[in-house]
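Here are a few exercises to work through with the model open beside you. Try each task before you read its solution.

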Amino acid sequence: MRPQGITKTIDLGDGRTIIIETGVLAKQADGSVTVRLGDTILLGTVVATKEAREGIDFLPLQVEYREKFSAAGRFPGGFFKREARPSDHEVLTSRLVDRALRPLFPDDFHGDTQVVVSLMSSDKKNQSDALACLAAAAALAVSDIPFGGPVSEARVARIGGRFVINPEFADMANADMDLIVAATASDILMVEGEMKEVQEADMIEAIKLAHDVIKRQCQALTELSAAVPKSQTKRTYNHENNDPVVGQLIHDFCYQKYYDLAMSPSGKEERSASFAAVKDACLATLTDEQRSDKAMLARFFKKTQKKAVRNVCLDHGKRLDGRKTTEIRPIWSEVDVLPGTHGSAIFTRGETQAINLVTLGSSLDEQTIDTAISKGSVNFMLHYNFPSFSTGEVKPIRGPGRREVGHGNLALRALKPVIPPAPGNPYTIRLNCDILESNGSSSMATVCSGTLALMDAGIKISAPVSGIAMGMISDGTRHAILSDILGDEDFLGDMDFKICGTAKGITATQMDMKVDGLPYEVLAQALEQARQGRLHILGEMLKTLDKPREDYKPHAPRIVTFDVPKESIGPIIGPGGRVIQEIQAETGATISIDEVDGRGIVEISSENKASIDAAVARVKAIAFPPQADVGAIYTGKVKTIMPYGAFVEVVPGMDGLLHVSELDWKRVERVEDILKEGEMVQFQVTGKDPRTGKLKLSRRALLPKPEGYVEREPAMDGGDRGDRPRREFRDRGPRRD
């Protein structure tokens, strides 16, 4: 018998409801729920160890979002028919959930914690990623794991000028704003999304609307938690040793010294060395027993340093490198730095530097997307790499981590709205960004270098895009908004807010809050300050290159696209692809053909114009075959030689007879004296045989007629020429026997 579960229903206000149920599935987990919207169902579970591992002084939180192909009735693509490594979509959704949950765990809770959200059923209408955080938070709400929630997420999109909460897949094609917002009942925690050059006020309105919905979801989680006895008593833990005496000693020794250092501008390495020297001097004053707990000491030193630096900023409006709160670090940039690429750019802002490379390809280079609930391809990619040397560290080189996937996706979202669609852009585009130096906001350097690299490659973007990372420091009564934050300011501050956009409006954003209670007035101030900073950065970028280049690089592939009749697709491809492969082999061009809206779309690419022209001629000859009109001239391959002439390929799949008598004005004894199998020959179409339907071809019609040529009457006895005219050269001088 199915056990009786505990359910809670959330009304979305548009006729749809979310149903949360616990107590039925995965009951050995510390907390488990199912979340259902329509026929889309997610299973959320959480498990945490009772004790922290030895030496762990942080929260080892794992958040995994996975989509099962069987949820949508599909097989995984490729050779192996089971789910493998998570897709970028799953990684990005996991990050969204992680960023919403992590700030709400107690600071001193260090037990290994794993949250797993699985898509178990999909109706292919409702988007499951917007429900993943709700499932994770609900699992925590019904568990005994200490957690400061409830928290939830909601997607808000603007479609046709109207805001829609958790829109369906089909509606997203017409959206000009797509935001995921995470919040508690009182505070915004996280915002991420993409937009099509929208205004700051519109984004704030969308966040407010999403927050109103999240408040109802949080209330439902509170009521669900109250109905589950297990969740009423949270487990006890003691994962940190915090000796207040040692903490006070460190504060008394270090605070003023840290404060004075923060008042003196310095670079990253010099600043790190100075703070480390203060720490070493303080450690020398402590006893061996007081120095025994290194994790505790590290926490006290960080806490003291953080307090000193923050107070300098709030007291004097002064930052670690001496800048004002609104000041942007020095910028320099350069384009066309790597001649072998199709486009390249370096962007440097302060101690952060990114190099971006553009590669242009055809539709055959598009990336195939094959997830549980979507299948297709994309023609714009951006890959972000963060090598360890960029921060002066030594680390093994591995595949891209979640941070690299997330930062690359943010930059891609920022640039995607300005990439022109076909036919304005016939290319598949890949941006490959390497961070060469890092001290704050490398993802925004990726956006800026990406814009310059695209323009250097000759891509006609609709507008250049710049990006800026904003920070905030607040003590509850005072706050300072920081433009273009350093790495240390990200660590010491209360907000990391990245804004990308054109001069006209915002194209992408990512915000993470580290404190409670960000008033919307402060958010509006941060957005306005960010807008001014973006425009300044954009102005510096445009000093290097102010518009896309008129043409592509000489070695970039050229692409020609044209339509052909739908019924021509088969003949162009040929049996088993023989025809199209033969054209590619002979011309050196790359050809792709697809059916779109009842017509064939042919794309031909090559780095050589002659190669493209030859391929275009061959394909068009198939799609628009020659008529039997006298005078039409073509070039075709000699397919077969016979004693009476040669069969020549007029277009692939269509041959004509080039009779021996039409090879030259003079008598030709052997066809092989003039033609060889496989060679290309130019000819004129002279008609069509009414009996066989074969085209009649002539080579001699294109040759100049020799002087003295006369044409004899046909032999009366038929002879070896039948009824064909007898042709020869007549010598006007004396005849010799």
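**Exercise 1. Place P76 in the fold and list its contacts.**

Keep in mind that you're looking at a predicted model. Start with the chain: P76 lies in the loop that runs between β5 (61-67) and α1 (88-101). Next, check whether P76 is buried or exposed. Its relative accessibility is 8%, and the cut-off for buried is under 20%, so P76 counts as buried. Now look for company from elsewhere in the sequence. T371 is 295 residues away along the chain, yet the C-alpha atoms of P76 and T371 are separated by 7.7 Å. Finally, list the contacts, leaving out residues up to four places away in sequence: P76 touches F69, K81, R82, E83 and D370.

**Exercise 2. Work out how many disulfides the model has, using C282 and C448 as test cases.**

A disulfide is a covalent bond between the sulfur atoms of two cysteines. The cut-off to apply here is a sulfur-sulfur distance within 2.5 Å. Take C282 to begin with: the closest cysteine sulfur belongs to C254 and is 3.8 Å away, which is too far for a bond. C282 is also buried, at 0% relative accessibility. Then try C448, where the nearest cysteine sulfur is that of C500, 7.9 Å away, and C448 is in no disulfide. C448 has a relative accessible area of 0% too, so this residue is buried. The final count for the structure is zero disulfides.

**Exercise 3. Classify two aromatic pairs by their ring geometry.**

The structure holds eight aromatic pairs. One of them is Y255 with Y259, whose ring centres are 6.0 Å apart with planes at 45 degrees, so call this pair tilted. Where do Y255 and Y259 sit relative to each other in helix α4 (residues 244-263)? They're four residues apart, which means about one helical turn separates them. Both Y255 and Y259 are buried.

Now do Y384 and F386. Their ring centres are 6.4 Å apart and the planes meet at 15 degrees, so this pair is stacked. Y384 is buried at 3% relative accessibility, whereas F386 is partly exposed at 23%.

To round this off, look for a cluster: ring pairs link F105, F109, F147 and Y237.

**Exercise 4. Find two lysines whose charge sits over a ring.**

Go back to Y255 and look over its ring. The charged end of K307 sits there, 5.7 Å from the ring centre. For the second case, go to Y552: the charged end of K460 sits over that ring, 5.3 Å from its centre.

**Exercise 5. Describe how α3 and α8 each pack against α10.**

Take α3 (residues 200-226) and α10 (residues 520-544) to start. Their axes are 10 Å apart, and the helices pack at an angle of about 145 degrees. The crossing of α3 past α10 is right-handed. On the α3 side, the contact uses E200, M203, I204, I207, K208 and H211, while α10 supplies Y520, L523, A524, L527, R531 and R534.

Next comes α8 (residues 442-456), which packs with α10 at an angle of about 35 degrees, with axes 11 Å apart. α8 also passes α10 in a right-handed crossing. Here α8 contributes C448, T451, L452 and M455, and α10 contributes I537, M541 and L542. You've met C448 before, as the buried cysteine of Exercise 2.

Key: Residues are numbered from 1 along each chain as its sequence is written. This is a predicted model: local features need pLDDT of at least 70, side-chain atom pairs count only at pLDDT 80 or more; totals for chains, interfaces and linings use all residues. Side-chain values use heavy atoms; hydrogens and water are left out. Buried means under 20% relative accessible area, exposed over 50%, partly exposed in between (1.4 Å probe, protein chains only). Rings of Phe, Tyr and Trp (its six-membered ring) pair if their centres lie within 6.5 Å; planes under 30 degrees apart count as stacked, over 60 as edge-to-face and the rest as tilted. Helices (H or I, at least four residues) and strands (E, at least two) are DSSP runs, numbered from the N terminus. A charge sits over a ring if NZ of Lys or CZ of Arg is within 6 Å of the ring centre and within 35 degrees of the ring normal. Axes are lines fitted to C-alpha atoms, for helices over the stretch in contact, and angles run from 0 to 180 degrees between N-to-C directions. A crossing is left-handed if the near helix is turned anticlockwise from the far one by less than a right angle, and right-handed if clockwise. Contact means heavy atoms within 4.5 Å.
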